[in-house]
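Me: Could you take a close look at one helix in this model for me, and at what packs around it? After that, carry on to the cores and the sheet.

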Amino acid sequence: MHRTPHSSPHLRVMSVLGLLAALLLPLGMTFAPGALAAPAADPVRVMPLGDSITGSPGCWRAVLWNRLVDSGRKDIDFVGTLPPQGCGQAHDGDNEGHGGELVTNVADRDLLPGRLAATRPDIVVMHFGTNDVWSSIAPDRILAAYTKLVAQMRASNPDMRILVAQLIPMNPSSCAACARRVVDFNATIPGWARATGTDRSPVTVVDQWTGFSTATDTYDGVHPNASGDNKIAARWFPPLAAALDAGVPQDPGGPGDPGEDPAACTARFRALSSWQGGYQGEVTVTNTSASAVSGWTTTVVPANGARLTQLWNGSLTTAADGTATVGNAAWNGALAPGASATFGFVASAPATAGAPAATVTCTGKAPAG
């Protein structure tokens with residue numbers, strides 16, 4: 001049955017208030033603060049960009065999302081033109097991980113600008129190039145594609161913050177040379193990042209290679225399993241959290257605050273010696289940004305139940321789960337672009353722990369202006 005539309009008492013009250021405001025404003029009268037709610041700040045938009053390691057289903061994204069939320073970072077929005085693909089846990093699954101895609105092809109065909117226009121990210125988290133390495137494309141050509149994509153990101157958003165992974169290891173049965181090619185390509189990324197990053201749009205290198213095992217962290221020598229997903233998320237978390245905490249500049253043309261952009265650094269672990277029940281390890285921290293850093297902090301997650309028991313050339317804090325946070329010492333925190341500092345440690349480990357391994361990540365502190 002057709003009913004004659006009518007307004008509710010609430011709507012009538014709002015209409016009266018609107019009319020009252022229109023009458024009072026010309027007289028210089030305004031409503032008290034709080035009478036009109038301020039609009040909520042837009043969430044920071046993060047694009048996970050890559051191939052099937054990022055998509056299909058790329059469950060490290062789910063682990064990372066929930067870790068960010070659990071740490072209190074609620075105003076975030078993972079974006080991409082591809083929808084979620086499961087993973088068995090609630091998360092924001094939008095992404096730009098196209099299975100089988102080559103970064104060189106994306107650059108050559110100008111596929112990224114349309115995806116950026118559709119999603120408008122503030123931060124890009126990029127693990128891209130595995131298929132190019134598998135296809136024996138030269139590192140210089142892959143880096144040229146990276147450079148073009150970064151230019152397109154900055155055309156979309158001049159303040160884009162870009163996190164670029166050193167690729168996880170690859171050892172498929174059909175490509176005996178792939179393992180070495182990944183190592184060779186990863187070695188070129190820090191220098192490229194130093195030349196490409198800017199104060200306004202920093203490029204942060206994230207070491208996804210160290211401590212990652214194709215035998216235990218992938219199901220086919222290439223794609224991560226649940227263990228691999230956890231390791232990848234653990235590596236992304238500190239630099240992405242730093243980028244989120246730095247915030248999205250509200251006045252791109254202004255001078256900004258000193259240290260507004262997170263300084264980029266990488267950390268590499270190696271075992272120096274081992275024995276029944278423990279080992280000696282070393283971590284090298286490298287400033288991969290284009291400017292000096294005044295300090296650094298690393299996170300060390302020992303594998304297989306090991307725990308750091310002694311440390312030198314840094315300050316150690318250990319969480320209940322064994323995760324170690326290491327800050328620089330007074331004499332080794334300041335690093336010029338490309339410079340490195342090293343700290344060492346002794347770890348205890350169960351007799352069944354196997355070869356020493358640890359996941360290490362790094363964040364740098366920009367000097368005060």
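Reply: Here is a walk that starts at helix α2 and moves on to the cores, a short helix and a sheet.

A word on the ground rules: this is a predicted model, where local features need pLDDT of at least 70, side-chain atom pairs count only at pLDDT 80 or more, and totals for chains, interfaces and linings use all residues. Residues are numbered from 1 along each chain as its sequence is written, and side-chain values use heavy atoms, with hydrogens and water left out.

So, α2. The helix spans residues 60-70 and is mostly covered, with eight of its 11 residues buried. Helices here are DSSP runs of H or I with at least four residues, strands are E runs of at least two, and both are numbered from the N terminus. Buried means under 20% relative accessible area, exposed over 50%, and partly exposed in between, using a 1.4 Å probe and protein chains only. The buried set is W60, R61, A62, V63, L64, W65, L68 and V69. Among the elements that cover these residues are β1 (44-50), β2 (76-78), β4 (123-127) and α10 (226-246). After the helix comes G72, with a positive phi near 100°.

α10 turns up again in the largest nonpolar core. A nonpolar core is a set of buried Ala, Val, Leu, Ile, Met, Phe, Trp, Tyr and Cys residues joined through side-chain atoms within 4.5 Å. This one holds 61 residues, and Y146, L149 and M153 touch the most other members. α10 gives the most to it, eight residues. Leaving aside neighbours within four places in sequence, Y146 is in contact (heavy atoms within 4.5 Å) with V103, M126, F128, V164, L167, F185, I189 and W192. There is also a second, separate core of 24 residues, including V326, L335, F343 and A349.

Next, N131, which sits in helix α5 (residues 130-134). N131 counts as buried because its relative accessibility is 15%. Its contacts, again setting aside neighbours within four places in sequence, are D51, G100, E101 and L102.

Finally, the sheet. Four strands form an open sheet in the order β11-β12-β9-β14, with antiparallel pairing. Two strands pair if DSSP finds at least two bridges between them. β11 (314-318) and β14 (358-365) are the edge strands, each pairing on one side only. Eight bridges join β9 (residues 295-302) to the antiparallel β14, and W296 has G364 of β14 as its bridge partner.
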